[in-house]
Amino acid sequence: MMKMSKRILAVLLALLLPLLLALDSYELFARWEQDGYPEDVTGVFYNTETKCLAAVLIENTEARQKELRDTLTDGETLTFFAGEYSHAQLAECAAAITKDMEENGLAGTVSIGWGANGGYGPEGKDFRVVIKTETAEVATLTERYAEYDSMVAVEENTEPVVPDAPVEPEKPVSYTHLR
């Protein structure tokens with residue numbers, strides 16, 4: 001009788017444990033924000049067209065989409081778009097630019113995400129390092145960070161940037177920060 005109970009318990013645990021440990025898409029992406037994104041993920045945003053989260057993947061294949069969907073309790077609701085750079089590449093670039101701007105007293109803010117006119121790439125959903133600065137500085141910063149090519153977008157800031165005022169750095173874009 002004891003062996004039978006242990007077997008039943010083992011079978012129940014085997015069936016229920018994956019369900020108990022499974023995450024929904026919001027929990028997974030919150031974990032990525034905290035612990036770091038996988039190497040093939042550019043970012044995540046709330047897709048207003050589908051009313052669900054969307055992931056931007058460097059290798060946007062059906063196999064990778066299925067792999068991500070299968071790990072989630074609500075994986076069927078995810079949408080996917082192609083990205084050019086990983087979140088790690090964008091974060092490294094953003095950190096280098098932020099450091100350079102601080103060391104050289106350059107005005108502006110640096111973030112990862114979409115620009116004033118939306119996303120980038122063929123589908124208009126890809127992320128970039130976005131530098132927002134005063135109109136007079138756009139050309140200068142565009143030239144200064146040209147080495148990063150299409151990874152960086154320099155835009156006019158709609159709000160004035162005061163170099164001497166303490167500015168709180170923008171958080172990396174996540175599903176809670178986008179449209």
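Cys-52 is buried, with a relative accessible area of 19%, and Cys-93 is buried as well, at 3%, where buried means under 20% relative accessible area, exposed means over 50%, and partly exposed covers what lies in between, computed with a 1.4 Å probe on protein chains only. The count of disulfides comes to 0, a disulfide being a pair of cysteine sulfur atoms within 2.5 Å. All of this is read from a predicted model, in which local features need pLDDT of at least 70 and side-chain atom pairs count only at pLDDT 80 or more, while totals for chains, interfaces and linings use all residues. Residues are numbered from 1 along each chain as its sequence is written, and side-chain values use heavy atoms, with hydrogens and water left out.

Seen as a whole, the protein chain has 179 residues, of which 39% count as buried. Its accessible surface comes to about 11,100 Å², and 56% of that surface belongs to carbon and sulfur atoms; such areas come from the Shrake-Rupley method with a 1.4 Å probe, and for residues only the protein chains shown count as cover. The chain holds 5 helices and 6 strands, which follow one another from the N terminus as α-α-β-β-α-β-α-β-β-α-β. Helices (H or I, at least four residues) and strands (E, at least two) are DSSP runs, numbered from the N terminus. Among the contacts with a separation of 6 or more, 59% are between residues 24 or more positions apart, a contact meaning heavy atoms within 4.5 Å.

A good place to enter the fold is one of its sheets. Here 3 strands form an open sheet in the order S1-S2-S3, with mixed pairing. Strand S1 (41-47) and strand S3 (79-82) are the edge strands, each pairing on one side only, and neighbouring strands of this sheet are turned by 25° against each other on average, direction ignored. Two strands pair if DSSP finds at least two bridges between them, and in general the strands of a sheet pair through backbone hydrogen bonds, either parallel or antiparallel. S1 and strand S2 (residues 52-57) run antiparallel and are joined by 6 bridges; within this pairing, Phe-45 stands opposite Ala-54 in S2. Helix H2 (residues 25-35) lies across S1 and S2 and runs at about 140° to S1, with axes taken as lines fitted to C-alpha atoms, for helices over the stretch in contact, and angles running from 0 to 180 degrees between N-to-C directions.

The aromatic side chains add a further layer to this picture. There are 6 aromatic pairs, counted when rings of Phe, Tyr and Trp (its six-membered ring) have centres within 6.5 Å, with planes under 30 degrees apart counting as stacked, over 60 as edge-to-face and the rest as tilted. In one of these pairs, the rings of Trp-32 and Tyr-37 have their centres 5.8 Å apart and their planes at 50°, so the pair is tilted. Trp-32 is buried at 7% relative accessible area, and Tyr-37 also counts as buried, at 14% relative accessibility. The rings of Phe-45 and Trp-114 have their centres 4.8 Å apart and their planes at 55°, so this pair is tilted too. Because Phe-45 lies in strand S1 and Trp-114 in the loop between strand S4 (109-113) and strand S5 (128-133), the pair ties together parts that are 69 residues apart in sequence. Phe-45 counts as buried at 1% relative accessibility, and Trp-114 counts as buried at 13%. Ring pairs also link Phe-45, Phe-81, Trp-114 and Phe-127 into a cluster.

Two loop residues deserve a look at their backbone. Most residues other than glycine have a negative phi. Lys-51, in the loop between S1 and S2, has a positive phi near 60° and is exposed, with a relative accessible area of 55%. Asp-149, in the loop between helix H5 (138-144) and strand S6 (152-156), likewise has a positive phi, near 55°, and is exposed at 59%.

Last comes a position on a helix. Ala-95 lies in helix H4 (residues 87-103) and is partly exposed, with a relative accessible area of 48%. The C-alpha atoms of Ala-95 and Val-110 are separated by 8.5 Å, the two residues being 15 residues apart along the chain.
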